[in-house]
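Here are a few exercises on how the chains of a complex meet. Keep the structure open and work through them one at a time.

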Amino acid sequence: MKPLTSAASAVLAACALTALAACGSSGSSSQPSAQPASPAPGGGPATSSATPAVAQFPVTISAPGGPVTIKAQPARIVSLSPTATEDLFAVGAGKQVVAVDLSSNYPSGVPKTSLNGVTPNVEAVAGYHPSLVVTDQDANGLVAGMKKLGVPVLVEPAAASIDEAYAQITQIGQATGHLASAQDVVAGMRANIAADLAKAGTAHSDLSYFWEVSANPYYSATSKTFAGSIAAMFGLKNIADAAAKAADGGYPQLTPEYILSAKPQIIFLTDNQATDGGQTPAVVAARPGWPAIPAVKNHEVIAMNDDVAARWGPRLPLLVAEIAAAVESAAGK
Amino acid sequence: MITVRDLTVTLDQTRVLHGVSCQTPPGGWLCLIGPNGAGKSTVLRAAAGLLAYGGTIRLGEADLGSLRGRARARAIAYVPQAPVLPPDMLVADYVLLGRTPHLGYLSRPGRRDRLVAEAALDKLDVSQFTGRRLEQMSGGERQRVVLARALAAEPSVLLLDEPTSMLDIGHQQQVLELVDGLRRSAGLTVVSTLHDLTIAGQYADELVLLNAGRVAAAGSAVAVLTPGLIAEVYGARVEVRKGHDGRPVVAPVRNVQ
Amino acid sequence: MKPRRPGSRAALIGAAAAFVVAAALVSVFVGAANLNPVAVATALAGKIPFLGVHSGLSALDSAVLFQIRLPRIVLGALVGALLAVTGAGYQGVFRNPLVDSGMLGASAGAGLGATIAIVYLGGLGPAVVPVAAFTGSLAGVAIASLAGAIGAARGSLGSGPATLLLAGIAVGMFLTAAQTVVLQRSTQVLQQVYSWLLGSLSGASWQQVIEILPYAGVSVAVILLHGRHLDVLSVGDDEARALGINPRAVRAIAIGSCALAAAAAVAVSGLIGFVGIIVPHVARRLAGPSYLTVLPLSLLGGAGFLVLADTLARTVLAPAELPIGVVTALIGAPAFIWVLRGTRAVDT
């Protein structure tokens, strides 16, 4: 799941609509226990070469929700999570994927259906005759329902750390018979991220930033969240950290007064697309009082790729690169 | 002078009044009597403008049907059998509501309106209660406050639907005496329904006996309150004696085999 | 209830106005930005022409005060006034002290409108949400009124306001269900939609104040001018008509202007509950039942109450913020029980 929905769960808890808040992502209880990828032989982007797979099955994945056994290489995969969809295609299992949920939109040409990952319908999923279902949460009795049909369900909740994200990709590779190429993907990601960190530098404690999850009211993400941990790799100071309360799951609501007086030097917008709020840098600059913020004054309001910022899959290096570019620009001022 | 001609009323596709005619001169007291469901209250409601009706109701020369709401309400005040009394409302505010027909759409009660309301409270001897809430009033006091509200409109006709039904005999008499005094002093025309035939005969100039939406008999108390008519319309066995003032006293008679 | 002589109308209204000013003063000096109170006072004095006081605030602090804190206080006062006067108006129309400003499909319609805007109209920019909420709120009341009229014409409950109230509940449930259907189609926006549903003044701007002012002005003026008519309605439709008042016309005008007021409030603040019940009830306790007093008292009381509630919303967890709908519910729900305790049977 995405920080959007986690912030929603804090909101939802407040109004006791907890039934909808099935997507926990603070993640401390859901450490994937699969082996992290073994040291990669080399850098560079992974090639999704077809991996001989027969020998790997049956395989038991130590997924966060408990072990999942997959008897043979799954020929028909249904993905109910956009992150899982990206993972599947990145490790080279794309040809096995027969259906993805309505929120999955990357890479282009994924077999998008009306399946709903947040409120899945077991019969609708079963209608695609899957041999494996990958999702990020067990909602609407999905796991139990698919178990009756003998279909394994791999639940990979939103990663809480970058290592969890790597572990998920590896697990998905293992589950689909593409372990080696998954390991290549992870190695490539590590290399890209390391290069960006080296270029932009990791000692920017003099730079503060505001990570905007949504506006009116303003929700942010602290350093404890996935996105915050990425920004922390650059040494950036998160203005939301001082506002965090235990109950907000790392996604506190901030008053505009506080945001202004914290004078962030960079603002990352993850709500700038038409589908998720339309808060573009121009909209931010037009907010009352905001032109006084250094980030707005210096044009360091960054319109992130909202999907990349909220899905912690193979495009993670892109997120790091976006932050790196902003850091380099802001540090130069 | 109120004149009702060929009044017909249809409620829920059922005709409940079939051509009722009656009249009373200015300062007169017309009393509608009759068994339950005969249509007494319906006549009053039609005259108050609460029902669509056929036939005509005239006030002097004016046709009530052609008067708009406020003009009609200035001429005719209506007191239902069970008035809605908002429990928290102050007596003074409640009586002031009687001034509504005299107020322009967006105007508020002024000094004159307050004076008229105070005068009405005085006339009904309830001015000491102005600061009380309606729920704090006893039954007899309430009925007087309701009458004060009706009077505050300065009407020429007062329509009273069973004004004494909730009162004991002492308070019945007190209220009816007040009404009688008002019509004598202010020339108010009263049209009322009354259940108690003896009391109706004592206060009304003109009795109209309704039966199943038709006038069964009309005229003076002596002419209408006869054992025969009462037996025919009410199916009751009564004897009618002559009171000390010459008006009839209707007494039920028990069936002794 | 103990017998209590209601205070004089002018004194009560004066006290309520003082309450609004006091609430605004408290609110202007506190906030997450921790502005120096002396500097704030001088900055405010500096806005008074010809006084020649110079603001000691930095440009950023000045932006916090004049672009964020002040418009938020003014907008909060406006929204609170609208919600409370609407609640009082509806209570007069329906002769029921438990009716709130969001009844008659107003809140549900606004919720559906906002959700549709967030899910389908995101491309038009964030400004479309208030417009959609405003439209949805009015449409909700229109549909409920239509359903009520059909029910009254065909049904057995008669033409009384009770039919309309029940129709409003049914329409509200329907619209809420429709909103859930829309929401299911696009679960990425759950957070946005629920934030909106919980109510917030965090986006307050002078622009919003100016945008709702005409609707607020017209609707409040019409409602206030009908206080006397609502008093007449309290003796029931028959007696009101016998007094020369057309109860249906009064109800239609009052419902129309209340709907407009509620829509203006909901457009800029989302759903904020309980203000419309609690404030008029307190007004009634203080002033007696006459709407001539209850309406203006609710107007002022609602303004002061919401300014205080929003002050709590933005300071209790500072520098984080509580949704204001949560604050009014936390105060309002217990107060609502107190209302129930002091409420006699009603006869709608």
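**Exercise 1.** Find the partner of C:Glu239 in a salt bridge, and check the distance against the cut-off.

*Solution.* In this predicted model, start at the carboxylate of C:Glu239 and look across to chain B: the partner is B:Arg149. Next, take the closest N and O atoms, which are 2.9 Å apart. A salt bridge needs that nitrogen and oxygen to be within 4 Å, so the pair C:Glu239 and B:Arg149 qualifies. Then widen the view: across the interface of chain B and chain C there are two salt bridges by this rule. For polar contacts, the count between these chains is eleven residue pairs.

**Exercise 2.** Work out which elements of chain B give two or more residues to the side that touches chain C.

*Solution.* Walk along chain B and you pick up α2 (69-75), β6 (76-79) and α3 (91-97). Of these, α2(B) gives the largest share, with four residues. Now sort that side of chain B by residue type: you get 19 nonpolar, eight polar and nine charged.

**Exercise 3.** Describe the extent of the contact between chain B and chain C.

*Solution.* Begin with the residues: chain B puts in 36 and chain C puts in 32. Then turn to area: about 2600 Å² is buried between the two chains, and carbon and sulfur atoms give 56% of it. On the chain B side, B:Val84, B:Tyr105 and B:Arg108 lose the most area to chain C, together 22% of what that side buries.

How values were computed: Residues are numbered from 1 along each chain as its sequence is written. Chains are lettered from A and ligands numbered from 1 in the order in which they are written. This is a predicted model: local features need pLDDT of at least 70, side-chain atom pairs count only at pLDDT 80 or more; totals for chains, interfaces and linings use all residues. Side-chain values use heavy atoms; hydrogens and water are left out. Contact means heavy atoms within 4.5 Å. Buried area is the accessible area (1.4 Å probe) that two parts lose on being put together, summed over both. A salt bridge is a side-chain nitrogen of Lys or Arg within 4 Å of a carboxyl oxygen of Asp or Glu. A polar contact is a pair of N or O atoms within 3.5 Å; within protein, one must be able to donate a hydrogen and the other to accept it, and residues adjacent in sequence count only if both atoms are side-chain atoms. Ala, Val, Leu, Ile, Met, Phe, Trp, Tyr, Cys and Pro count as nonpolar, Asp, Glu, Lys and Arg as charged, and the others, Gly among them, as polar.
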